[in-house]
Amino acid sequence: MAEASSLAQKIIARAAGLASVRVGEIVTCQVDLAMFHDSSGPRRLKPMLEELGSQIWDKSKVVLVMDHYVPERDDAARKIVRLARDWAAEQKLPHVYDSQGICHVVVAQHGHVRPGMLCVGGDSHSPTGGAFGAYMFGIGSTEMLGVVVTGEIWLRVPQTIAMHWSGTLASGVCAKDMMLCMIQRFGMNGANYQALEFTGSAVRALSMPERMTLCNMGAEMGAQSALVAPDGVTRQWLDQTGAVQDLAALDWTALQSDPGSFDAQHDFDASTLSPQLAAPHSPAHGVAIADHAATRIDIAYIGACTGAKLDDLRFAAQVLKGRKVAAGVQLLVAPASLRDKAQAEMEGTLQVLTDAGATVLPSACGACAGYGDSFAGGKTVISSTARNFKGRMGPPDTQVFLGSAYTVAASALRGYITDPRTVMP
Amino acid sequence: MSQFDPTPTVWHKVWRLGDDVDTDALAPGAYMQHGIEVIGQHCLEHLLPAFAQEVRPGDVILAGRNFGIGSSREQAAAVLVHLGVAAVIAPSYGGLFFRNAFNLGLVLLTCSQLDALKDEEQVCLVEPDLSLRTKSGVQLPCEPVPEFLLQMARAGGLLASLKQRRLHCHCVPGSGPGFQHPQSSGGAAMDPGSSPG
């Protein structure tokens with residue numbers, strides 16, 4: 001009888017052209033999707049491709065997203081973005097999303113990531129794609145060059161570690177809290193570059209954007225990839241994108257981990273989870289919200305691929321409906337994509353936020369990437385983003401706390417770090 | 001090109017860093033719009049202010065756990081190559097940084113017993129297993145690095161390997177990676193970013 005295989009192993013084996021793969025084995029995989037952005041992509045790939053005299057192996061499998069340096073704030077950014085646009089035109093790339101939102105959200109919303117695919121992204125938050133039951137991981141620009149030229153990449157077959165969440169999340173608690181809880185427990189590199197798979201009733205109950213938040217911050221746990229096996233929720237989302245023609249052809253039952261295929265399993269009870277907070281300067285620096293009830297904030301930031309998708313905007317609106325943010329607090333909202341922003345506008349979510357005093361920023365990486373749009377020094381920030389490294393989102397004396405969009409909104413409302421459950425209507 | 005020189009008589013000056021040195025400390029976001037020369041002037045500026053000015057080709061970094069966690073920006077590894085760092089030695093690495101380093105010609109060695117080196121100012125890297133030796137005679141083993149990664153780093157990284165491959169055959173597109181690696185590493189291959197325990 002064949003050995004039990006996890007979903008990650010099945011995807012890798014298929015991409016490597018093998019019947020099965022063992023943990024620890026080094027294999028070469030065919031890449032189904034290569035995604036990169038204005039910072040990691042053209043400005044680095046173009047000169048290397050020219051130096052090599054090589055061509056892109058398959059343009060239909062390449063997606064370029066302009067999200068890090070848009071909107072262009074200075075000449076240096078203009079130069080980087082212009083190079084990306086010119087190169088995309090010259091190469092006649094079929095899939096280019098310019099200023100449409102953040103890459104991980106945009107590729108998903110346009111149906112580029114589908115169950116069973118092996119994908120690479122030129123960005124560390126690429127495990128986001130695992131929410132769709134794909135094996136997606138981040139790589140650097142030079143490695144992306146290798147992919148773009150050969151269509152292949154090596155990888156060492158990882159262990160699959162199950163993070164099993166039973167129970168039901170309470171009101172005011174969400175995927176971001178689950179992830180901060182896991183990072184606090186296992187540390188910034190606790191996943192040791194293995195694959196995570198999120199399982200259990202609390203995971204099944206999550207929407208696709210919430211599953212994306214879970215997988216997204218697999219990066220903060222040091223996982224190579226983070227997956228949720230595809231189910232009806234996945235299928236419905238993919239149906240709605242309209243970009244996928246061959247859903248019926250997918251063998252959904254095969255795209256699951258076999259019983260006994262996990263190398264380890266850790267159990268969590270979603271029902272007892274409270275809103276989580278990470279203090280400066282690490283996502284693993286978990287602290288109790290109650291211990292920071294006297295921490296005054298200057299800026300409340302709802303942004304990034306991690307924390308400004310449609311669900312996050314709705315969470316914040318639930319807290320802020322009919323209310324105003326505290327005097328002296330700046331609430332900044334940068335919806336993760338134009339599509340999320342449009343939906344939030346249509347349903348009135350965005351209006352709730354602006355009525356509360358929010359400033360809506362462009363749908364781009366913005367302050368999260370720290371590539372120019374960072375916060376002033378000395379500020380205390382609460383943010384729905386993924387990383388609060390010292391000096392990332394502002395000068396080294398900028399204090400960044402991480403929480404869910406609920407917690408960011410509640411803190412904006414009171415002006416102090418606040419447990420959203422204490423202010424939810 | 002890689003500054004890596006495994007000749008046993010070459011002593012490398014040591015720079016020390018603690019746990020969890022992230023990519024944003026190595027290549028700060030505010031300078032990412034610039035070239036590697038500018039990023040190099042700001043490398044580790046908040047953790048080790050003298051480093052960028054005083055590091056010399058051939059120096060090595062002895063760091064704590066989880067070196068290079070964070071972003072995919074390969075400038076975090078490229079900047080160390082640019083500054084001439086010969087190798088980084090740490091108990092564990094961010095997995096993405098690990099791949100980036102070898103792709104750019106920077107050798108990372110994984111050693112879990114670095115406490116034994118806490119007073120050493122210089123180390124040398126001994127072939128064939130790339131163990132560490134100190135002037136006081138201490139010898140520490142490092143975890144084995146997969147041969148294809150070492151070869152690639154010594155050739156100057158992935159781009160150099162792809163170039164060599166283009167020179168030697170006319171079959172680059174769709175015919176395999178730019179270097180040879182065993183189909184299976186068995187149990188001996190290093191687990192990028194691993195640390196015992």
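A residue is counted as buried here if 20 or more other C-beta atoms lie within 10 Å of its own. By this criterion, 62% of the 425 residues of chain A are buried in the structure, which is a predicted model. The four residues of strand β6 of chain A illustrate the term, since Tyr135(A) and Phe137(A) point one way from β6(A) while Met136(A) and Gly138(A) point the other way, and all are buried.

Chain A as a whole contains 15 helices and 18 strands. Its radius of gyration is 21 Å, close to the 22 Å that the globule rule gives for 425 residues, and chain A is therefore as compact as a globular protein of that length. The C-alpha trace of chain A extends over about 60 × 55 × 40 Å along its principal axes. When contacts in chain A between residues at least 6 apart in sequence are considered, 78% of them join residues at least 24 apart.

Strand β6(A) belongs to an open sheet of five strands, in which the order is β4-β3-β2-β5-β6 and the pairing is parallel. The edges of this sheet are formed by β4 (96-98) and β6 (135-138) of chain A, each of which has a single partner strand, so that one side of each is left without a neighbour in the sheet. On average, and with direction ignored, neighbouring strands of the sheet are turned by 15 degrees against each other. The link between β6(A) and strand β5 of chain A (residues 118-121) consists of four bridges, and the two strands run parallel. Within this pairing, Tyr135(A) in β6(A) is the bridge partner of Leu118(A), and Met136(A) in β6(A) stands opposite Cys119(A).

Helix α5 of chain A lies across three strands of chain A, namely β2 (33-37), β3 (62-66) and β5, and runs at about 140 degrees to β2(A). Helix α5(A) also takes part in the interface between the chains, where 50 residues of chain A are in contact with 48 residues of chain B. On the side of chain A that touches chain B, at least two residues each are supplied by β1 (26-30), α2 (42-52), α3 (75-91), α5 and β7 (152-156), and α5(A) gives the most, with seven residues. By class, this side of chain A has 18 nonpolar, 24 polar and eight charged residues.

Across the interface, α5(A), which covers residues 141-150, packs with helix α7 of chain B (residues 158-168) at an angle of about 30 degrees, and their axes are 9 Å apart. Because angles under 35 degrees count as roughly parallel, α5(A) is described as roughly parallel to α7(B). From α5(A), the residues Thr142(A), Glu143(A), Leu145(A), Gly146(A) and Val149(A) meet Leu158(B), Leu159(B) and Leu162(B) in α7(B). This contact of α5(A) with α7(B) has five nonpolar, two polar and one charged residues.

Elsewhere in chain A, Leu320(A) is found in helix α11, which covers residues 310-320. Leu320(A) has 25 other C-beta atoms within 10 Å and is therefore buried. Apart from its neighbours within four places in sequence, Leu320(A) is in contact with Val352(A), Leu353(A), Ala356(A), Ala409(A) and Leu413(A). The C-alpha atom of Leu320(A) is separated by 46 Å from that of Lys46(A), a residue 274 residues apart from Leu320(A) along the chain.

How values were computed
Residues numbered from 1 in each chain as written. Chains lettered and ligands numbered in written order. Predicted model: local features only at pLDDT ≥ 70, side-chain atom pairs only at ≥ 80, totals over all residues. Axes fitted to C-alpha atoms, helices over the stretch in contact; angles between N-to-C directions. Parallel < 35°, antiparallel > 145°, perpendicular 65-115°, else oblique. Contact = placed C-beta atoms within 7 Å. Nonpolar A, V, L, I, M, F, W, Y, C, P; charged D, E, K, R; others polar. Pairing = 2+ DSSP bridges. Rg over C-alpha atoms; globule rule 2.2 N^0.38 Å. Buried ≥ 20, exposed ≤ 12 C-beta atoms within 10 Å, placed from the backbone.
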